[in-house]
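I opened the notebook to look up pockets and salt bridges in this structure. The entries follow in the order I made them.

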Amino acid sequence: MIGMILAAGRGERMMPLTKNTPKSLIKVKDLTLIEHSINALKKSNIIDIVINIAYLGKQIKSYLGDGSKFGVNIAYSDESSGALETAGGIIKALPILGNKPFVVINSDVLCDFNLSKLTLPVGSLAHLVLIDNPPHNPNGDFSLVNNHQVTNVHGQSYTFSGIGIYHPDLFKSHLEFEQKLPLYPILKEAIANGNLSGEHYDGYWQDVGTPERLELANKS
């Protein structure tokens with residue numbers, strides 16, 4: 001299986017730390033955020049990795065190279081002409097990702113979820129890992145019904161962890177041209193079509209999106 005790490009964002013909420021350093025190269029406990037992501041994939045026997053880059057992307061490419069020093073194989077999807085947001089970035093990378101399901105993780109998320117467990121249930125085009133709502137997202141993003149079906153929020157809500165597995169067909173109606181495209185509208189389409197599944201995870205998870213949360217991650 002191929003894994004994709006999302007690393008094209010500007011990290012504006014992390015300023016001034018990201019003025020001259022891409023967010024994914026900020027360190028947590030002596031390792032850069034993106035190394036934590038690479039290690040999580042490698043631990044799950046996912047060694048073929050695609051990384052999308054935009055803001056200060058040359059630094060990421062220079063630091064990681066072809067991945068051989070980390071025991072993985074890295075290919076890059078270059079968005080230096082303008083970051084395409086999550087779904088747009090995934091769509092641009094589809095020629096590298098291939099025609100089978102692939103795992104996607106955010107480079108600014110720390111989590112001990114076992115990525116090798118990720119599979120697509122029959123009828124699903126995407127399967128999300130959901131977590132208890134953190135203080136910065138108290139209302140959550142989705143609900144779960146019938147154990148694994150993801151729906152719009154009603155009743156118990158959960159937050160999308162930034163970790164999921166996707167089938168390329170999830171994006172097939174948006175392949176016409178390269179564009180900025182967030183992931184949420186694509187997931188809403190999948191909910192409407194009954195193609196979105198998920199699971200609740202109650203283990204360690206930390207979003208490192210602000211200096212304050214970076215401090216929390218270094219203390220955990």
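**Entry 1, the largest pocket.** I began with the lining and asked which element gives the largest share of it. The answer is β11, with five residues. I note here that the model is a predicted one. Strand β11 covers residues 159-166. I then listed the elements that each supply at least two lining residues: besides β11 they are α3 (85-97), β6 (102-106), α4 (184-192) and β13 (205-207).

I looked up the lining as a whole and found 44 residues. Nearest the centre of the largest pocket lie Leu6, Arg13, Thr86, Asn106 and Asp108. Sorted by class, the lining has 20 nonpolar, 13 polar and eleven charged residues. For the volume of the largest pocket I wrote down about 1200 Å³.

**Entry 2, the second largest pocket.** I noted a volume of about 370 Å³ for the second largest pocket. Its lining has 21 residues, and His36, Ala40, Leu110, Cys111 and Asp112 are the closest to the centre. Which element gives the largest share of this lining? I found that α1 does, with five residues. Helix α1 spans 33-43, and I also recorded β6 and β7 (109-111) as supplying at least two lining residues each. By class I have eleven nonpolar, seven polar and three charged residues for the second largest pocket.

**Entry 3, salt bridges.** How many salt bridges does the structure hold? I have four on record, and I looked up Lys23 with Asp108 before going on to others. The side chains of Lys23 and Asp108 meet at 2.7 Å, N to O. This pair links distant parts of the chain, with the two positions 85 residues apart. I placed Lys23 in the loop between β1 (2-6) and β2 (27-28), and Asp108 in the loop between β6 and β7.

Next I checked burial, for which the cut-off is under 20% relative accessible area. Lys23 has 12%, so I entered Lys23 as buried. Asp108 has 10%, so Asp108 is buried too. Asp108 is also one of the residues nearest the centre of the largest pocket.

**Entry 4, Arg213.** I found Arg213 in helix α5, residues 211-219. Is Arg213 buried or exposed? Its relative accessibility is 11%, so I put Arg213 down as buried. The side chain of Arg213 meets that of Asp207 in a salt bridge of 2.6 Å, N to O. Asp207 is buried as well.

I then listed what Arg213 touches, leaving out residues up to four places away in sequence: Arg13, His136, Gln206, Asp207 and Val208. Arg13 had already come up in Entry 1, among the residues nearest the centre of the largest pocket.

**Entry 5, Glu215 and Lys219.** I stayed in helix α5, where both Glu215 and Lys219 lie. They are four residues apart, about one turn of the helix. Glu215 forms a salt bridge with Lys219, and I noted 3.0 Å between the closest N and O atoms.

For exposure, I used over 50% as the cut-off for exposed. Lys219 is at 64%, so I recorded Lys219 as exposed. Glu215 is at 45%, so I recorded Glu215 as partly exposed. For contrast within helix α5, I wrote beside this that Arg213 counts as buried.

Key:
Residues numbered from 1 in each chain as written. Predicted model: local features only at pLDDT ≥ 70, side-chain atom pairs only at ≥ 80, totals over all residues. Heavy atoms only, no water. Buried < 20%, exposed > 50% of the residue type's maximum accessible area, 1.4 Å probe, protein only. Contact = heavy atoms within 4.5 Å. 1 Å grid on protein atoms, 1.4 Å probe; cavity = no way out; pocket = protein on both sides within 12 Å on 5 of 7 lines; lining within 4 Å. Points joined across faces, edges and corners; volume = space filled by probe spheres on them. Nonpolar A, V, L, I, M, F, W, Y, C, P; charged D, E, K, R; others polar.
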